[in-house]
Amino acid sequence: MTYVVTTEPEQHRFMCEDHETLLDAALRQGLVIPYGCRSGSCGACKGRILEGTFDYEHANLSGLNKIDPESGDILLCQARAKSDLRIAVREIERAEEIEIKQMPCRVSELQKLTHDVMQMYLTLPANERLQYLAGQYLVFLLRDGRRRAFSIANAPEHDERLELHIRYVRDGDFTHYVFNELKVRDILRIEAPLGNFYLRHHDFPIIFVAGGTGFAPIKAMIEQAIIEQLKRPMLLYWGVQSKRDFYQLDLIESWLKQSPYLQFIPVLSEPNATDNWQGRVGWVHEAVLADVPDLATYEIYASGPPIMVATAQAEFTALGLPVEQFFSDPFEYAYDRPKKTG
Ligand code: FES
């Protein structure tokens, strides 16, 4: 069975299957409701039933002491709809409304995606989840007080496990550590979520402009768009130096099969002779300008080296893109610093 859930006071509606929790259904359809553990123990996902029936079948209710069930309060991460519902709930509209947490996490997988990009998976402690918006980033809190920041590369649907794409920086102390010393099962400490780079719920068609591992937050956004079945045209431009710098192309292929709204335009800045490249050559933002001369009706999400992002913003806005329709990742944070400057 599928039920209609209406939120108050925002009057948003979402569909809830009887096998899923109210929280899962809301998140799947793009509503952002505060939560913590997603396992029934913290009370952070509190809502209130105003109309309709629900049940707690198969639920963990150890967090019930954190709410007042007598007054109609429910744990949205555990409750399942048994009829159409009207619920009172606080919805998150902006990234700043999400609580920033510090927590330990375990390195659960390390795998090279290219000659200089490491894919790292972090697993959170049992019963901990990290609420974030697709596109945001985390920082590693290192023992000597230094911080190193990386975009989260997966959509928050599976927020118990965080994916990062870490590019090796010559003489970079942290990336040297990641590529040469860090091991699966090691424990790191993180602070997250951070940043204002996330998909806005507007109607404009979208252009994603990624440079190198700036692909990571854009990957998270596209995954989220596919989960939400977003019906907005989306152009993904991804620029790298030569063919060996691309990764996860199979994943992009699978997205293209899932979403008729998505197109992918790969761009190489310096293809090798052996690349046998028939595709686009040049700077990635120039490929956008060549294809879409009138950007005024688009929303742009750009992530990559600061020079790429700054140039894209300057050239796009000079040609008519309203500045409020350009969103970027402050990617300086992802650049590791040489050992000597720490
Ligand atoms: S998110 Fe912790 S109890 Fe629901």
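The buried residues of helix H5 are covered by elements that include strand S14 (206-211), S15, strand S16 (262-268), strand S17 (280-281) and helix H6 (306-318). Helix H5 itself runs over residues 284-291, and its buried residues are Val-284, His-285, Ala-287, Val-288 and Leu-289. In an α-helix there are 3.6 residues a turn, so residues three or four places apart point the same way. The model in which this packing is seen is a predicted one.

Strand S15, one of the elements over H5, also bounds the loop that holds Arg-232, which lies between helix H3 (215-227) and strand S15 (234-240). With a relative accessible area of 6%, Arg-232 falls under the 20% limit and is therefore buried. Beyond residues up to four places away in sequence, Arg-232 touches Arg-200, His-201, His-202, Asp-203, Phe-204, Ile-206, Tyr-261 and Glu-299. Of these partners, Tyr-261 is separated from Arg-232 by 29 residues in sequence, while the C-alpha atoms of the two are 6.3 Å apart in space.

Helix H3, on the other side of that loop, contains Gln-224, which is likewise buried, with a relative accessible area of 12%. Once its neighbours within four places in sequence are left aside, Gln-224 is in contact with Leu-27, Ala-134, Ala-155 and Pro-156.

A UniProt record, in an unreviewed entry, lists residues 100-200 as "domain: FAD-binding FR-type". Over this stretch the chain is 8% helix and 44% strand, and the C-alpha atoms at its two ends are 20 Å apart. Arg-170 is found in the loop between strand S12 (161-167) and helix H2 (173-180), and at 71% relative accessibility it counts as exposed. Arg-170 and Asp-116 are 54 residues apart in sequence, with 10.0 Å between their C-alpha atoms.

Several details of the backbone deserve attention, given that most residues other than glycine have a negative phi and most peptide bonds are trans. Asn-127 has a positive phi of about 65 degrees; the residue sits in the loop between strand S9 (117-123) and strand S10 (137-141) and is exposed, with a relative accessible area of 52%. Arg-185, in the loop between H2 and S13, has a phi near 85 degrees, and Arg-185 is exposed as well, its relative accessible area being 56%. Two peptide bonds that precede a proline are cis: the one from Glu-8 to Pro-9, with omega near 5 degrees, and the one joining Ala-192 and Pro-193, with omega about -5 degrees. Pro-9 belongs to the loop between strand S1 (2-8) and strand S2 (13-17), whereas Pro-193 is placed within strand S13 (residues 187-194).

Taken as a whole, the protein has six helices and 19 strands. Its radius of gyration is 21 Å, close to the 20 Å that the globule rule gives for 342 residues, so the protein is as compact as a globular protein of that length. Along the principal axes, the C-alpha atoms fill a box of roughly 70 × 50 × 30 Å. Buried residues make up 54% of the 342 residues, and among contacts with a separation of 6 or more, 69% are between residues 24 or more positions apart. The protein exposes about 15800 Å², of which carbon and sulfur atoms supply 50%. There are 36 positive and 48 negative side chains, and the centres of these two sets lie 6 Å apart.

How values were computed:
Residues numbered from 1 in each chain as written. Predicted model: local features only at pLDDT ≥ 70, side-chain atom pairs only at ≥ 80, totals over all residues. Heavy atoms only, no water. Helix = DSSP H or I, 4+ residues; strand = E, 2+ residues; numbered from the N terminus. Rg over C-alpha atoms; globule rule 2.2 N^0.38 Å. Buried < 20%, exposed > 50% of the residue type's maximum accessible area, 1.4 Å probe, protein only. Contact = heavy atoms within 4.5 Å. Areas by Shrake-Rupley, 256 points an atom, 1.4 Å probe, with all protein chains shown as cover. Lys, Arg positive; Asp, Glu negative; His and termini not counted. Charge placed at Lys NZ, Arg CZ, Asp CG, Glu CD. UniProt positions renumbered as here; feature names shortened; annotations may be inferred.
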